[in-house]
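Student: I've got a structure open and I'd like to talk it through. Can you take a look with me?

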Amino acid sequence: MESNQKSGDGLTGMQKEVPLRALIQRTGYQLLQENGQRRYGGPPPAWEGPPPERGSEIFVGKLPRDLFEDELVPLCEKFGKIYEVRMMMDFNGNNRGYAFVTFTTKNEAKTAMKQLNNYEIRNGRLLGVCASVDNCRLFVGGIPKSKKREEILMEMKKVTDGVLEVIVYPSAADKTKNRGFAFVEYDSHRAAAMARRKLLPGRIQLWGHAIAVDWAEPEVEVDEDTMATVKILYVRNLMLATTEETIEKEFNSIKPGAVERVKKIRDYAFVHFTQREDAISAMDAVNGKLVDGSPVEVTLAKPVDKDNYVRYTRGTGGRGGALLQGEYTYTLGQVYDPSAAYLGKNNVISLIDLWICVDSYTIFQILEDVCQKNNWGQPVYQLHSAIGLDQRQLFLYKVTIPALATQYPNVHPFTPAKLCTAVDEAKVHAAEHALQTLGLQTEGAEASSAAVAAFPGML
């Protein structure tokens, strides 16, 4: 791969050239600009051996655009030896609002992350700092639903290098089929990036089908001390018809009265226990067991902080939505493995509150496919909000399909009757409502080729 690396020391003509020169003279680190980023160190002077272990890098966001290494490096040096700083740069010579800082040890990175998150770098300007992950996982959509995990794994190994594993989820409605997509794990970020480039739409087909490829959101990483306190289980691969009462009865059968409560969301659930040891025993006993005829997977839930749970990685969420915080927009991966994530003590959070869960990709894609096949134009989502009787803010999306708006004004825009407490949940519900109004099912339907009976003459 060609590098757009600048010649010389890369400092001439830079903003704040004098303080940057003083920094590298003091530390002996190199400062080079390449491919839209400026690299300080990596490795530092006299470094021997491999790079630091995974987990030694942090993401530093909400940077003032005129802040550079001469300010960031001295701040980070307080928490450990810096291996590398990668500051993302724009064409005007300003930073893009964020940088990646790699320390020489994982513990140093952990300390820096805790101390620097919400640190006031300038008057009224607070940093947003969290762990950074080398993403090694891709989302591959458009896979025939009849394909089994072994077939998908074999096919991915044929067309890309470095494949370690393929994660496939059964359809919520029909456990004999997959959901039309898979997560593919590679042995390195580089291997995943090369595979993503090779699999971009139009370049290759799988089983004669066009595919969609994007970065998948990495799994939530939680420190061992926090995980040692978890008393909530995450249960996956449930039947849609399975009730919370059935789940509670199943887990209470291990020890009567051990379950505090159950929260089921589509085909997965969170099971709260009063005592951690009871949760561990139930996990071991129920994992792999048939519940209403479906083998369930049971793991410990992973706590997340809703306010800070924005994952910054090397390559994440190309099609993602956006979360606005202050003057910066952070992109979120749209496709998220519904892993165990809950919020705080006694407060289960639906993953829809954080990301659009994996089923949502199928729902949105079905609606888009219908519109594309019939030349109706791209669906437009409009967000509305209201205050409920209990003073909570509620949300509703209306969906407009351009070609149908003028011809069928009596049903446009498509407006669901249900108000939702979460924005992304409202968007999912709006897409489902639009499909149902069009006469299509949201699960198990070959929507792109289905006849839209509700709108004759438009096919």
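Tutor: Let's go through how far to trust it, then some sheets, helices and unusual backbone spots.

Student: Okay, what's the mean pLDDT of the chain?

Tutor: This is a predicted model, and the mean pLDDT of the protein chain is 76, with 75% of its residues at 70 or more.

Student: Where is confidence lowest and where is it highest?

Tutor: The lowest is strand S24 (residues 328-331), with a mean of 24, and the highest is H2, at 96. Two stretches stay under 50 in pLDDT: residues 1-8, with twelve contacts beyond four places in sequence, and residues 305-361, with 179 such contacts. Where pLDDT is low, the predicted coordinates should not be read in detail.

Student: Fair enough. Let's go to H2 then. How do the axes of H1 and H2 cross?

Tutor: Helix H1 (residues 17-27) and helix H2 (residues 69-77) have axes that come within 9 Å and cross at roughly 35°. On the H1 side the contact is made by Pro19, Leu20, Leu23, Arg26 and Thr27, and on the H2 side by Glu69, Asp70, Val73, Pro74 and Glu77.

Student: What kinds of residues are in that contact of H1 with H2?

Tutor: A mix: five are nonpolar, one is polar and four are charged.

Student: New topic, sheets. What's the strand order in the open one with S9?

Tutor: Four strands, ordered S10-S11-S9-S14, with antiparallel pairing. Strand S10 (163-167) and strand S14 (212-215) are at the edges with a single partner strand each, so each has one side without a neighbour in the sheet. On average, neighbouring strands are turned by 25° against each other, direction ignored.

Student: And how many bridges between S9 and S11?

Tutor: Five, joining strand S9 (residues 137-141) to strand S11 (residues 181-186) in the antiparallel sense. To find the pairing on screen, look for Leu138, whose bridge partner in S11 is Val184.

Student: Which strands does H4 touch?

Tutor: Helix H4 (residues 149-159) packs on the sheet and touches S9, S10 and S11, with its direction at about 145° to that of S10. Helix H5 (residues 189-199) also packs on the sheet, touching S9, S11 and S14, and its direction makes about 150° with that of S14.

Student: Now S4. Is it buried or exposed?

Tutor: Buried: eight of the eight residues of strand S4 (residues 82-89) are, so S4 is largely enclosed by the rest of the structure.

Student: Which strands does S4 pair with?

Tutor: S2 is joined to S4 by five bridges, running antiparallel, and Gly41 stands opposite Glu84 there. S4 also pairs with strand S5 (residues 95-103), antiparallel over six bridges, where Arg86 has Phe100 as its bridge partner. S4 and S5 make a hairpin with five residues between them, and Gly93 in the turn has a positive phi of about 90°.

Student: What about the hairpin of S16 and S17?

Tutor: That one has two residues between the strands, and Arg266 takes a positive phi near 50°. Strand S16 (residues 259-265) and strand S17 (residues 268-273) run antiparallel with six bridges, one of them pairing Lys264 with Ala269.

Student: Where's the cis peptide bond?

Tutor: From Gly42 to Pro43, with omega near 5°. Pro43 is in the loop between strand S2 (37-41) and strand S3 (57-61). In general, most peptide bonds are trans, and most residues other than glycine have a negative phi. Ala46, in the loop between S2 and S3, has a positive phi of about 65° without being a glycine.

Student: Is Ala46 buried or exposed?

Tutor: Exposed, at 77% relative accessibility, which is over the 50% cut-off. Compare Asn237, also a non-glycine with a positive phi, of about 75°. Asn237 is buried, with a relative accessible area of 8%, and is found in the loop between strand S15 (232-236) and helix H7 (244-252).

Student: What does the backbone oxygen of Asn237 lie 2.6 Å from?

Tutor: A polar atom of the side chain of Ser294. Ser294 sits in strand S19 (residues 294-295) and is buried, with a relative accessible area of 1%. Leaving aside neighbours within four places in sequence, Ser294 is in contact with Lys175, Asn237, Met239 and Lys289.

How values were computed. Residues are numbered from 1 along each chain as its sequence is written. This is a predicted model: local features need pLDDT of at least 70, side-chain atom pairs count only at pLDDT 80 or more; totals for chains, interfaces and linings use all residues. Side-chain values use heavy atoms; hydrogens and water are left out. Axes are lines fitted to C-alpha atoms, for helices over the stretch in contact, and angles run from 0 to 180 degrees between N-to-C directions. Contact means heavy atoms within 4.5 Å. Ala, Val, Leu, Ile, Met, Phe, Trp, Tyr, Cys and Pro count as nonpolar, Asp, Glu, Lys and Arg as charged, and the others, Gly among them, as polar. Two strands pair if DSSP finds at least two bridges between them. Buried means under 20% relative accessible area, exposed over 50%, partly exposed in between (1.4 Å probe, protein chains only). pLDDT is the predictor's confidence in each residue, from 0 to 100. A polar contact is a pair of N or O atoms within 3.5 Å; within protein, one must be able to donate a hydrogen and the other to accept it, and residues adjacent in sequence count only if both atoms are side-chain atoms.
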